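This briefing sets out the overall fold, the burial and the charged contacts of the structure shown below. A short definition comes first, followed by the main points grouped by topic.

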Amino acid sequence: MELLSDPQVWASFLTLCVMEIVLGIDNIVFISVVVSRLPEEQAKKARQIGLLLALVFRILLLLVLSWLIGLTAPVFTAFGQEVSWRDLILIGGGLFLIYKATHEIHAEIEHESAALTEAKTASFGGIIAQVLIIDMVFSVDSIITAIGMAEHVEVMIAAVIVAIAVMYAASGPIAEFIKHNPTTKMLALAFLLLIGVALIADGLGFHIPRGYIYFSMAFAAVVEVFNVLARRRRQKVAGDKQ
């Protein structure tokens, strides 16, 4: 009750909610892209499991804050740069994102028929494994970034639950939009390449402000929405003429 009556706690809660939602954009884009290879009945289940895993990882990390903070301690030094476990996790996650995005782009461009076949036969377990890997990376990055914004673990957990709920509500429409507008999938894959490069840069000690990344993503998304609307308008006009 003391926490509920403290204005500072509410301020930190709301701020942390917004930050967790923003940091979760990467997670949503990745999940939306990879589950698109599954049949429709399995795609929804995969999204649910993926976001549930994201929630579990974030809460577990909050419950072991002392261990998590220890991940930022230097493990070794290379070329004059101190490298921590967090850096290694971010670099590994970034490389995985770049590989995955490049593989998907290649399939879309060079082997469209093979990509369609793969989409029908995609392994549910394989998709969940990929989501599991990236959930771990984004969870570590998200929680470490958020540490210090709230003094109470209870507030952090509540903010994470709210953020995951918002991500769950948004993941379905985003996945459907990508599914019904194939050109947006290429845009989403380009986002994943960008995010992968940013994660590697962070791991190497070159921080790229997330605001720049999210602004470029938002701008490109708005342009793509205009393209989709224009394409639908042209199709409608062509249909009316026929």
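A residue is called buried when its relative accessible area is under 20%, exposed when it is over 50%, and partly exposed in between. E20, at 2% relative accessibility, therefore counts as buried. The model is a predicted one. Its secondary structure comprises 10 helices and 2 strands, and a search of the whole structure finds 3 salt bridges.

**Overall fold and dimensions**

- The order of elements along the sequence is α-α-α-α-β-β-α-α-α-α-α-α.
- The radius of gyration is 20 Å, close to the 18 Å that the globule rule gives for 242 residues, so the protein is as compact as a globular protein of that length.
- Taken along the principal axes, the box filled by the C-alpha atoms is roughly 65 × 50 × 35 Å.
- Of the contacts with a separation of 6 or more, 81% are between residues 24 or more positions apart.

**Surface, burial and charge**

- Of the 242 residues in the protein, 42% are buried.
- The accessible surface comes to about 13,200 Å², and carbon and sulfur atoms account for 69% of this area.
- The protein carries 17 positive and 21 negative charges, and the mean positions of the two sets lie 14 Å apart.

**Helix α2**

- Helix α2 spans residues 25-35 and is mostly covered, with 10 of its 11 residues buried.
- Among the buried residues of α2 are D26, N27 and S32, together with I28, V29 and F30.
- The end of α2 is also covered, since V33, V34 and V35 are buried.

**The salt bridge between R58 and E20**

- R58 and E20 form a salt bridge in which the closest N and O atoms are 3.8 Å apart.
- This pair links distant parts of the chain: R58 belongs to helix α3 (residues 40-63) and E20 to helix α1 (residues 7-23), with their positions 38 residues apart in sequence.
- R58 has a relative accessible area of 1% and is therefore buried.
- Its partner E20 is likewise buried, at 2% relative accessibility.

**The network of K100, E104 and K185**

- Salt bridges link K100, E104 and K185 in a network.
- Within this network, the side chains of E104 and K100 meet at 3.1 Å, N to O.
- E104 and K100 both lie in helix α5 (residues 85-110), 4 residues apart, which is about one turn of the helix.
- An α-helix has 3.6 residues a turn, so residues three or four places apart point the same way.
- E104 also forms a salt bridge with K185, where the closest N and O atoms are 3.7 Å apart.
- Because E104 lies in helix α5 and K185 in helix α9 (residues 182-203), this second pair ties together parts that are 81 residues apart in sequence.
- E104 and K100 are both buried; the relative accessibility of E104 is 1%.
- K185 counts as buried as well, at 10% relative accessibility.

**A long-range pair involving helix α3**

- V56 lies in helix α3 and is partly exposed, with a relative accessible area of 37%.
- V56 and I161 are 105 residues apart in sequence, while their C-alpha atoms are 9.6 Å apart in space.

Key:
Residues are numbered from 1 along each chain as its sequence is written. This is a predicted model: local features need pLDDT of at least 70, side-chain atom pairs count only at pLDDT 80 or more; totals for chains, interfaces and linings use all residues. Side-chain values use heavy atoms; hydrogens and water are left out. The radius of gyration is taken over C-alpha atoms; the globule rule is 2.2 Å times the number of residues to the power 0.38. Buried means under 20% relative accessible area, exposed over 50%, partly exposed in between (1.4 Å probe, protein chains only). Contact means heavy atoms within 4.5 Å. Accessible areas come from the Shrake-Rupley method with a 1.4 Å probe; for residues, only the protein chains shown count as cover. Lys and Arg count as positive and Asp and Glu as negative; His and the chain ends are not counted. The place of a charge is taken as NZ of Lys, CZ of Arg, CG of Asp or CD of Glu. A salt bridge is a side-chain nitrogen of Lys or Arg within 4 Å of a carboxyl oxygen of Asp or Glu.
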